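Reader: I am new to this structure and would be grateful for a close look at a single part of it. Could you please take me through the place where two of the chains meet, and then set it beside some contacts elsewhere?

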4 protein chains.
Amino acid sequence: MHFASDNTSGVPDAILDALRAANTGFAMGYGADRHMDALRDRIRALFEAPAAEVFLVATGSAANALACASYCPPWGAIYCHKLAHIEVDECSAPEFFTGGAKLTHVDGQDGKIDVGALARVLAQSGKGVVHHVQPGMVSLTNLTECGTRYSVSEIAALADISHSHGLPVHLDGARFANALVAEGCSPAEMTWRAGVDVLCLGGTKNGLMGVEAVVFFDPAQAWEFQLRRKRGGHLPSKHRYLSAQMLAWLEEDLWLDLARHANTMAERLETGLTGHADIAYPRGGNMLFATWPRAGHERLQAAGAEYYLWPDHATWEDPDPIGARLVTSWSTTKDHVDRFLTTLAGQNALASGAALG
Amino acid sequence: MHFASDNTSGVPDAILDALRAANTGFAMGYGADRHMDALRDRIRALFEAPAAEVFLVATGSAANALACASYCPPWGAIYCHKLAHIEVDECSAPEFFTGGAKLTHVDGQDGKIDVGALARVLAQSGKGVVHHVQPGMVSLTNLTECGTRYSVSEIAALADISHSHGLPVHLDGARFANALVAEGCSPAEMTWRAGVDVLCLGGTKNGLMGVEAVVFFDPAQAWEFQLRRKRGGHLPSKHRYLSAQMLAWLEEDLWLDLARHANTMAERLETGLTGHADIAYPRGGNMLFATWPRAGHERLQAAGAEYYLWPDHATWEDPDPIGARLVTSWSTTKDHVDRFLTTLAGQNALASGAALG
Amino acid sequence: MHFASDNTSGVPDAILDALRAANTGFAMGYGADRHMDALRDRIRALFEAPAAEVFLVATGSAANALACASYCPPWGAIYCHKLAHIEVDECSAPEFFTGGAKLTHVDGQDGKIDVGALARVLAQSGKGVVHHVQPGMVSLTNLTECGTRYSVSEIAALADISHSHGLPVHLDGARFANALVAEGCSPAEMTWRAGVDVLCLGGTKNGLMGVEAVVFFDPAQAWEFQLRRKRGGHLPSKHRYLSAQMLAWLEEDLWLDLARHANTMAERLETGLTGHADIAYPRGGNMLFATWPRAGHERLQAAGAEYYLWPDHATWEDPDPIGARLVTSWSTTKDHVDRFLTTLAGQNALASGAALG
Amino acid sequence: MHFASDNTSGVPDAILDALRAANTGFAMGYGADRHMDALRDRIRALFEAPAAEVFLVATGSAANALACASYCPPWGAIYCHKLAHIEVDECSAPEFFTGGAKLTHVDGQDGKIDVGALARVLAQSGKGVVHHVQPGMVSLTNLTECGTRYSVSEIAALADISHSHGLPVHLDGARFANALVAEGCSPAEMTWRAGVDVLCLGGTKNGLMGVEAVVFFDPAQAWEFQLRRKRGGHLPSKHRYLSAQMLAWLEEDLWLDLARHANTMAERLETGLTGHADIAYPRGGNMLFATWPRAGHERLQAAGAEYYLWPDHATWEDPDPIGARLVTSWSTTKDHVDRFLTTLAGQNALASGAALG
């Protein structure tokens, strides 16, 4: 019953097999391996973007911070939601990599930037006034940190405003695959066709050991990115072990199958919670935020369930009821979900086990 | 016949097995996995340093730059050899992570800092004068970039001078295992007993996919390091895949066996080159720099041998003879070496094959 | 009728005289001049802080950013009001000098941090969690950017909370003298006795050409500050021209007289505006924010009055009525104020002049 | 007898007068003052560069570091002499402002970069190789830190090589006026006509209180520079006090007269030292490096002469003879020089005064 994060899951056997298959002979390092050539081709085809440039790094924070630094100068503003991962959970990595850019909050419900709010902020941005940081870029996250999802048309509306102010659009796609299968659109539709200029395509949370692709739909920043990656210590010498993983993940749509499974498990969890807990946000994929009475938490804790309290600063000392963040992954099983639900509800485990059998 | 770098080799089966074994169930991320607990214990025992703090990152540049930044302020000098990896091959990663420290060259033959030169530089360091960068730390590399090796007593002499000026000592150990087995001393003898304050223990060049340990013998910088690692994007969420690899590598002295093999292959290569090439530096482990006539290069290139010309800026247009850097690894075979030697010498491959059989 | 800013004023003759007097013979540079020795003594005496360390720079942004960088690490949070000068008007200078710290907003009315809000933010600061920036310091501004004033007891309450979390307190005192004379307390009472650890004592807005003192009540950061100042390009070689100015300014309480005059002019302006304009905030010193009908603005513009619209992004296209920021200085005269008021009101200047006479 | 530095001198009365004249009424800040408009015009005319952009800062370190940062990316190399002020005397300000660029030494006699050495370094620069810092810019200093002077043709030869590699050329002109009058050429000839892209025109060492102009002959970097200046804390609010000073200095060639006087005094000093001391470098302007017996130093110290030992790390404990750096300025008098010489020589001051009369 592990719902702490999708990054506590392991990797499918196919990924291990791919590593073993890649582990033959010598391979030139630093991205000059043949798996990377194949991966680049695969991503270009999947995204219908033949000129896209693709680079790998091992963490999502690196992908985001390097992508932002490639577009936003040190005196720039990165417009994002106040709950964005780059703002809350990366210990000022974007500030570090950009050389001191400022993350400027744009309001919106459910972790999503509001179109009107972005328009207002950009209209009052201080552009051209030397005392103020200058508009730099807009950063979206899909799925958001609230587990909600931008639709394709929402992304397009935000990108339109951004571009009308000359600002590039970054998409933090740590859970891009989960958003994609939930939205039911193509990779191109959710990215460059909607106006995304650079995508951080997350593999780690969806079945890889630690592989994220940064996809530049406009390759103009590619060389600068490579230099930033190198001096950030993010250019792996034995690069094939990253590219081989992601190549296997993208072949035969494994990545989509894994994401679809995670979403289905979250849906099952949401359905089961209904009536027992308050769900905080419209579920966009594989993440839920819910509040239920302390007694249910106590049963779950006793049974060894793992999850984080929510919001971030919540503690067991908070008044009843208490919130939780629940994340499913490719390796979450129906049994995990059902045991969680029956434990929370206080049903007889044996009985429920039987029923679920 | 691949002698381009030890980082073009793969990983032993034992590492793949360890990954597969670690790939069960859920594991808390960011270093809170049980493999990391075991690895920390193992490193503390191996280095006879029960209070040491150990952290993993995926690249050597990250390990070095983060270790340096944990000790050297932005206005500090990092004293190193002009050929040091941190100076030449990391695209100013140390400058980036420290916030603009200055790498100050200290002379010495064969890629090794000279004790007298260090003493002279530190005696004229400008300490306490606000116009000059302030002495920050001393950084050694073992094996050096010239493939030479500091003896334990040489390290101790340099560390003594450093410490007498209040400066901590960093050891870039990308090829630490190769140096260790060649020197025939214990890990403690080559590090903290000789005065090393922080070691970057390289796994990648010696059989891992991309794992480096930063070992703080004095744990005072540990929390700062963790924050720097996080905001540098170098804290892996699925951390178990790094710790499990290095744990397997350190068990039953696999790391030493791999390094010993690489060194033996380099010795075989050196022996075979004698009389056919000029060897540039005293070999310290698994790396050679040698110069031989163009004709030998042409035969090797035709036969598909891979290696880098040397020095860095050498080209095929340089006058005869031409230099090369040759690196062996755990996966170099006698056959690789012998074919290289016979091809260089222009011997009949069949005949030489028979002779070597 | 110049109310754009107190930094559009000149300097009193006494300052020019001090420059001329200092302009004799040779003087060692970089702070080793005798005027600096006298100034340090004077500030220590005025602030009843014999161990304080004092350093000069030429701009307020430099003073603030360097003071913050001396206390807050690159991964730290600087807690400040969202309208703070360091957040809005310094083009990310604090981010630059700290190496990427994050300015975290704390709510409060009238440009002042609310005690309860600070307590709540610090209670949920993420301290000890590596994914979040770590609490770094608290920055107050007095007078605030809204022209309001923290009382001594308000500063003490905020400093108490800060210190209880181990955080130092920075006071941006660009208009410190104006706050001081309005509050009617001693320099010590408004600073270290209330818990301020480092003060940026602004001279530029109150009669100097460009001199700000950074006063460390705890001298522990003094050497680091000096190195940061030097590498920030903020250590003047001909330092005497800064120290001589500020010394003259502090002698015989000139600084207080200048500030008192500016405040009196603001009071006169406020009195005159009453009934003609909406005053936005309780006036704390020499700055007013007020809104009045467009017709009044048009008369003032036609008469050559200078002031900034307010808020920052206000334009002449905004709906009626329109806001303005009005700042008085040591060189504002009764006549400036009265002409402004009569012009705004549309009165006959001659008549009003007579009436006001 | 003050020969410690030209920055220990004061300012001519004309500069004080200009300050007093500028001190009337209100003036918009941050460079929007009328003196700046006039100064910009004056510099454009003097340099025959009608499109040049001109910005002021208060220190030479700021001018240099900001100019470098406007051209060199964080992963760039700034090629300079190992004795350059930016390398030795600015406490890593260039590294700070660029975000971690690397200052790469180019050899040459007498503090001057050698044309052949620059060509060799640039031919082996590692351009396009992601592991190495990328060629960024070339920085010259005239007068050099050795007091020598680049001729116009030497600057042109170095700039040609730089430009052939696509690198801009920065000229640190802290003593530009001294070099100019000694060389006997026009400002344009020593700068953009010779290939200089950005000049730091030093006023401070030649009669101003603390004013340096950064002159961009190609205005493409102007806006970026302004943002960097602001966030560096180097945009003065009461800007008129800088522009009025430099305007007065450039009017009626005061700057050239001051420099010419300083050079003449250095020439007189050099002539007088001949036979009594070893002069280290060919004198280019107002600075000398000379070595003479300890006894002469003792007489000078006893008489209160001020100068720095040379080289930087020299001490009174060094073996006889001992080196000194001697700098003259606009305010050095014949009497200063003559007393210095007679004291050094141990002559009766009265007698020598008569002889020199």
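Author: The following account treats the interface of chain A and chain C and then turns to selected contacts within single chains.

The model is a predicted one. A rotation of 180 degrees, with 0.0 Å of shift along its axis, superposes chain A on chain C with an RMSD of 0.0 Å. The two copies are therefore related as by a two-fold rotation axis. Within chain A, the C-alpha nearest that axis belongs to Gly100(A), which lies 2.3 Å from it.

As to the extent of the interface, 20 residues of chain A are in contact with 20 residues of chain C. Of the interface residues of chain A, 100% are also interface residues in chain C, so the copies meet through the same surface. Between them the two chains bury about 1600 Å², with 49% of this on carbon and sulfur atoms. Three residues, Cys91(A), Lys102(A) and His132(A), supply 30% of the area that chain A buries against chain C, more than any other three residues.

The polar side of this interface may be described next. The rule finds 16 residue pairs in polar contact across the interface of chain A and chain C, both residues being at pLDDT 80 or more. On the side of chain A that touches chain C, the elements giving two or more residues are helix H4 (85-88) and strand E3 (102-105) of chain A. The residues of that side divide into 8 nonpolar, 6 polar and 6 charged.

Side chains of opposite charge can pair when their charged atoms come close. Across the interface of chain A and chain C, 4 salt bridges are found. In one of them, Glu87(A) pairs with Lys102(C), and the closest N and O atoms are 2.5 Å apart. A network of salt bridges links Glu87(A), Glu95(A) and Lys102(C).

Over all chains, the structure holds 60 salt bridges. Among them is the pair of Arg40(A) and Asp37(A), whose side chains meet at 3.1 Å, N to O. These two residues are separated by about one helical turn, because they are 3 residues apart in helix H2 (residues 34-46) of chain A. With a relative accessible area of 39%, Asp37(A) is partly exposed.

In chain B, a salt bridge joins the side chains of Arg268(B) and Asp338(B) at 2.8 Å, N to O. This pair links distant parts of the chain, 70 residues apart: Arg268(B) is in helix H12 (residues 254-273) and Asp338(B) in helix H14 (residues 334-345) of chain B. Arg268(B) counts as partly exposed at 30% relative accessibility, whereas Asp338(B) is buried at 7%.

In chain C, the side chains of Lys112(C) and Glu154(C) form a salt bridge of 2.9 Å, N to O. Lys112(C) lies in the loop between strand E3 (102-105) and helix H6 (115-123) of chain C, and Glu154(C) in helix H7 (residues 152-164) of chain C, so the pair ties together parts that are 42 residues apart in sequence. Lys112(C) is buried, with a relative accessible area of 17%, while Glu154(C) is partly exposed at 30%.

Finally, chain D offers a polar contact to the backbone. Asn206(D) is found in the loop between strand E6 (198-202) and strand E7 (212-216) of chain D. At 2% relative accessibility, Asn206(D) counts as buried. Its side chain reaches the backbone oxygen of Trp255(D) at 3.0 Å. Leaving aside residues up to four places away in sequence, the residues that Asn206(D) touches include Ala177(D), Trp249(D) and Trp330(D).

Notes:
Residues are numbered from 1 along each chain as its sequence is written. Chains are lettered from A and ligands numbered from 1 in the order in which they are written. Side-chain values use heavy atoms; hydrogens and water are left out. Helices (H or I, at least four residues) and strands (E, at least two) are DSSP runs, numbered from the N terminus. Buried means under 20% relative accessible area, exposed over 50%, partly exposed in between (1.4 Å probe, protein chains only). A polar contact is a pair of N or O atoms within 3.5 Å; within protein, one must be able to donate a hydrogen and the other to accept it, and residues adjacent in sequence count only if both atoms are side-chain atoms. Contact means heavy atoms within 4.5 Å. Copies are superposed by least squares on the C-alpha atoms of residues with pLDDT of at least 70 in both. Buried area is the accessible area (1.4 Å probe) that two parts lose on being put together, summed over both. Ala, Val, Leu, Ile, Met, Phe, Trp, Tyr, Cys and Pro count as nonpolar, Asp, Glu, Lys and Arg as charged, and the others, Gly among them, as polar.
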